Amino acid sequence: MFLYANERGKEMVFGYLALAAAAALYMQKFQIVKRQPAALKLHKCIGILLVILVLFHIINTFSLWDKRNVLLLISGMAAAFLIILMCWRERNRGQKKHRMFAEILLLLLLLHIGLYFMDFIRYKNAVKDLLIEQVEIGKLEDGTYIGECDVGYIYARVKVAVEDGQITGIEILEHKQERGKRAEKVTEQIVEQQTLQVDAVSGATNSSLVIRKAVENAVTNNPQEND
């Protein structure tokens with residue numbers, strides 16, 4: 001469940017955050033930590049793991065923050081702050097207060113996951129609705145065309161150069177994604193085959209589709225400059 005999409009795997013790390021937080025809360029609630037010294041060490045290891053996962057999650061999603069739901073960002077940052085605060089000040093807090101924060105943390109993570117899946121479903125539906133139309137490249141005016149495509153979790157903006165009825169080059173001006181960087185090679189296929197009906201790059205299907213749609217949107221606009 002937490003590794004649902006091939007281009008979103010890194011982002012699903014917060015699912016493991018919830019599992020780790022639940023494990024820590026379980027140990028606190030039933031006083032396993034207090035009764036068993038070995039469990040205390042494990043509990044501290046879980047805390048360190050939570051901090052590492054939070055930092056990993058933030059780094060790998062930072063470029064897409066402007067595409068996120070505001071409530072998703074707020075819940076995520078609140079959870080991250082609480083995790084770091086709990087680990088940093090653990091020695092100065094009582095058992096009861098620490099457990100209370102753990103319960104709040106788990107609720108925040110569950111909220112974060114719920115909001116993410118709502119956004120993720122919208123993103124999947126947006127990708128599903130993308131259709132690449134056949135474009136008669138030979139009839140295009142010479143010039144430079146600008147186009148973009150935005151499905152929420154993936155965004156692409158491209159510049160397409162057309163000369164003598166052929167696409168001579170495609171420059172990706174912006175490509176926001178997580179693991180779809182390799183999809184940018186699809187522009188080479190378009191130029192080589194002179195058609196938008198090319199195969200997606202393996203392992204980056206959705207990003208390939210978004211880039212192709214951005215190219216289509218570009219060439220169906222008026223050129224930015226004529227030769």
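1. Let me start with the pairing of strand 2 and strand 3. In this predicted model, strand 2 (residues 155–163) and strand 3 (residues 166–176) run antiparallel and are joined by nine bridges. Two pairs help to fix the register: K159 has E171 as its bridge partner in strand 3, and V158 stands opposite I172. The hairpin that links these strands has two residues between them, and D164 there takes a positive phi near 55 degrees.

2. The other hairpin is worth a look alongside that one. Strand 1 is joined to strand 2 by eight bridges, again with the strands running antiparallel. For the register here, you can use T144, whose bridge partner in strand 2 is A161. This hairpin has four residues between its strands, and G152 takes a positive phi near 100 degrees.

3. Put together, the three strands form an open sheet in the order 1-2-3, with antiparallel pairing. Strand 1 and strand 3 stand at the edges; each has a single partner strand, so one side of each is left without a neighbour in the sheet. From one strand to the next, the twist averages 20 degrees. As a reminder for reading the faces, side chains in a regular strand alternate between the two faces of the sheet.

4. What lies across the sheet? Helix 7 does: it crosses strand 1, strand 2 and strand 3, and runs at about 135 degrees to strand 1. Of the 15 residues in helix 7, 13 are buried, so the helix is mostly covered by the definition of buried as under 20% relative accessible area. Its geometry checks out as well: at 1.5 Å a residue, the 15 residues of helix 7 (residues 205–219) should span 21 Å, and the end C-alpha atoms are 21 Å apart, which agrees.

5. A214 is a good place to see helix 7 meet the sheet. This residue lies in helix 7 and is buried, with a relative accessible area of 0%. Leaving aside residues up to four places away in sequence, A214 touches G147, E148, C149, A156 and V158. A214 and V158 are 56 residues apart along the chain, yet their C-alpha atoms are separated by 6.4 Å. V158 is also the residue that stands opposite I172 in strand 3.

6. Please look at H175 too. H175 sits in strand 3. Is H175 buried or exposed? At 12% relative accessibility, H175 counts as buried. Its side chain makes a polar contact of 2.9 Å with the side chain of E184. Beyond four places in sequence, H175 touches I154, Y155, A156, G180, K181, E184, S207 and I211. A156 is one of the residues touched by A214 as well.

7. For contrast, I would check D129. D129 is in the loop between helix 5 (95–128) and strand 1 (143–150). D129 is exposed, with a relative accessible area of 61%. D129 and V151 are 22 residues apart in sequence and 9.7 Å apart in space, C-alpha to C-alpha.

8. Now the chain as a whole. Its secondary structure comes to seven helices and three strands. From the N terminus on, the elements run α-α-α-α-α-β-β-β-α-α. Buried residues make up 48% of the 227 residues in the chain. Among contacts between residues at least 6 apart in sequence, 63% join residues at least 24 apart.

9. Lastly, a word on confidence. The chain averages a pLDDT of 78, and 74% of the residues score at least 70. Where does pLDDT stay under 50? It does so over residues 1–10, for which the model nonetheless has 39 contacts beyond four places in sequence. I would suggest that the text mention this low-scoring stretch together with its contacts.

Notes. Residues numbered from 1 in each chain as written. Predicted model: local features only at pLDDT ≥ 70, side-chain atom pairs only at ≥ 80, totals over all residues. Heavy atoms only, no water. Pairing = 2+ DSSP bridges. Expected span 1.5 Å × (residues − 1). Buried < 20%, exposed > 50% of the residue type's maximum accessible area, 1.4 Å probe, protein only. Polar contact = N/O pair within 3.5 Å; in protein donor to acceptor, adjacent residues only side chain to side chain. Contact = heavy atoms within 4.5 Å. Axes fitted to C-alpha atoms, helices over the stretch in contact; angles between N-to-C directions. pLDDT = per-residue confidence, 0-100.
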